[in-house]
Amino acid sequence: MASLLTFPEGEEVTLLDPGAGIGSLTVAAAQSGRDTRIRATCYELEGSFQSELAATLADLPNVVGTIEGRDFIEHAVRLVASGKSPGYSHAVLNPPYKKINTGSPHRMLMRKLGVETSNLYTCFLACAISLCRPGAQVVAIIPRSFMNGLYFKPFRYWLLGRVALTHIHIFDRRDRAFSDDEVLQENVILRMIVGAEQSVVHVTASTDQRFNDTQHRLCNFTEVISPDDEEQFLHVPTLGSPSSDGLPGVTLRELGMDVCTGPVVDFRLRAHICQKAEPDAMPLLYASHFSGGRFEWPRAGRKPNSIYRNAETEKWLMPKGCYVILRRFSSKEEKRRVVAYLFDGRELPGNAVGFENHLNVIHQDRRGLPHAVARGLVEYLNSQAVDDYFRVFSGHTQVNATDLRRMRYPGIKELEQLGRSARAQPGR
Ligand SMILES: C[S@@+](CC[C@H](N)C(=O)[O-])C[C@H]1O[C@@H](n2cnc3c(N)ncnc32)[C@H](O)[C@@H]1O
């Protein structure tokens, strides 16, 4: 990661390492710029890391290090506000990752820099950039969520107004790169130049942090951010597979369809829900009923199987019919992010059905879809092109209704054809 920084031989540079831990990134930068004198400033709040950090810095022959044992964000904002920004020439960071709420002190401080953001990692990146001089190189490993999260839109505008993105590295096998992490998150390494004019972006991908199978491609910036995209979503073009432009033409709305999250929030309707499939109740479907490519109902297990139809539940039920169902959250083990199921209510008892909130339901005016169209849609959503598209577009493992609305689909005729030619597969 630090090898993405370039160092002028024989000159002195100033390096910022905010949230330095025990100094691993400064060590890597010092090795990468071994013929350069480096004045490093390492911020680290955690007292227990500071002595090891001091020992690490003392061991680096080309580094003169300063440890700032205080809150990086607080100090950075103070320096910028008082016009005393040190103007670092290099920054390297692996910031902490934590949500911050609207009234938190860090969030208020960030507003002084004109940044509205909801996570500590974006605060760190914005502060680091603010402390750098024009032309400075900034390399950061951060979660991908800022690239297309709706709440990160103001941050994307802030960032792209201040830096040129020159390199994006992604880890494209979520099971391998973060196999030790409890929380599944996808990270990206960015190299940016402060205040530079945006030009092409070098995109690389590897399956893990050993980088020994890295693929490369130079991309036009318009492949990363579409010029007419008001959201400024950042796409990472997949290397060696179809780009997002490969998807056909219409939106769900144009197909006369829409997608909603399953209307049944079970803890609100607990009194009307039964564990077993009761003969006088309606089927209630959870993500667990759609699993491993198969639909199974009723299903013995932790989740209930039915819901009574009455005045209190009526508005949360949908008429029996054919729907396309996608789980909202994929698990780490699932190879594909998008797995669509054909739900054909005709095979089930009752005249209505309850979909629980962890499901996405594709419908037509809150009713079922024609069978052939639904089957075609399932085939399409389960295609490699759609999975590739989702990986390019979406940094998270969730499949949101918004993402499904924004995606492109074949027309009704093609879907029907796809549906008819699809081999009958139970539950799909
Ligand atoms: C993800 S770790 C990265 C450590 C190191 N840079 C590395 O890559 O191994 C983030 C570090 O930031 C420190 N940290 C968290 N909040 C901080 C703050 N407000 N100011 C300074 N350091 C902070 C944590 O103690 C932690 O060591």
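In the predicted model, the side chain of E68 forms a polar contact with the side chain of R70, at a distance of 3.0 Å. E68 belongs to strand 3, which spans residues 63-68. With a relative accessible area of 17%, E68 is classed as buried, because this value falls under 20%. When neighbours within four places in sequence are left aside, the residues in contact with E68 are T41, C42, Y43, E44 and H75.

One of these contacts of E68, E44, also appears in the surroundings of the ligand. The ligand is surrounded by 16 residues, of which G19, A20, E44, F72 and N94 come nearest. By class, the shell around the ligand consists of 8 nonpolar, 4 polar and 4 charged residues. Backbone and side-chain atoms both take part in the pairs formed with the ligand. A nitrogen atom of the ligand lies 2.8 Å from a backbone N or O atom of G19, and a backbone N or O atom of L45 is placed 3.4 Å from a nitrogen atom of the ligand. For N94, an N or O atom of the side chain is found 2.9 Å from an oxygen atom of the ligand. On its own the ligand has 590 Å² of accessible area, and the protein covers 78% of it.

The chain as a whole was also examined. Its secondary structure amounts to 13 helices and 20 strands. The chain has 428 residues, and 53% of them count as buried. Contacts between residues at least 6 apart in sequence join residues at least 24 apart in 76% of cases. The area exposed by the chain is about 19800 Å², with carbon and sulfur atoms supplying 49% of it.

Several features of the backbone geometry were then considered. Most peptide bonds are trans, and most residues other than glycine have a negative phi. A cis peptide bond joins W297 and P298, with omega at about -5°. P298 is located in the loop between strand 14 (294-295) and strand 15 (306-307).

Positive phi values occur at D365 and R366. In D365, which is not a glycine, phi is about 50°. R366, likewise a residue other than glycine, has a positive phi near 60°. D365 lies in the loop that runs between strand 20 (359-363) and helix 10 (371-381), and R366 is also placed in the loop between strand 20 and helix 10. D365 has a relative accessible area of 71% and is therefore exposed, the cut-off being over 50%. R366, at 39% relative accessibility, counts as partly exposed.

How values were computed: Residues numbered from 1 in each chain as written. Predicted model: local features only at pLDDT ≥ 70, side-chain atom pairs only at ≥ 80, totals over all residues. Heavy atoms only, no water. Near = heavy atom within 4 Å. Polar contact = N/O pair within 3.5 Å; in protein donor to acceptor, adjacent residues only side chain to side chain. Areas by Shrake-Rupley, 256 points an atom, 1.4 Å probe, with all protein chains shown as cover. Nonpolar A, V, L, I, M, F, W, Y, C, P; charged D, E, K, R; others polar. Helix = DSSP H or I, 4+ residues; strand = E, 2+ residues; numbered from the N terminus. Buried < 20%, exposed > 50% of the residue type's maximum accessible area, 1.4 Å probe, protein only. Contact = heavy atoms within 4.5 Å.
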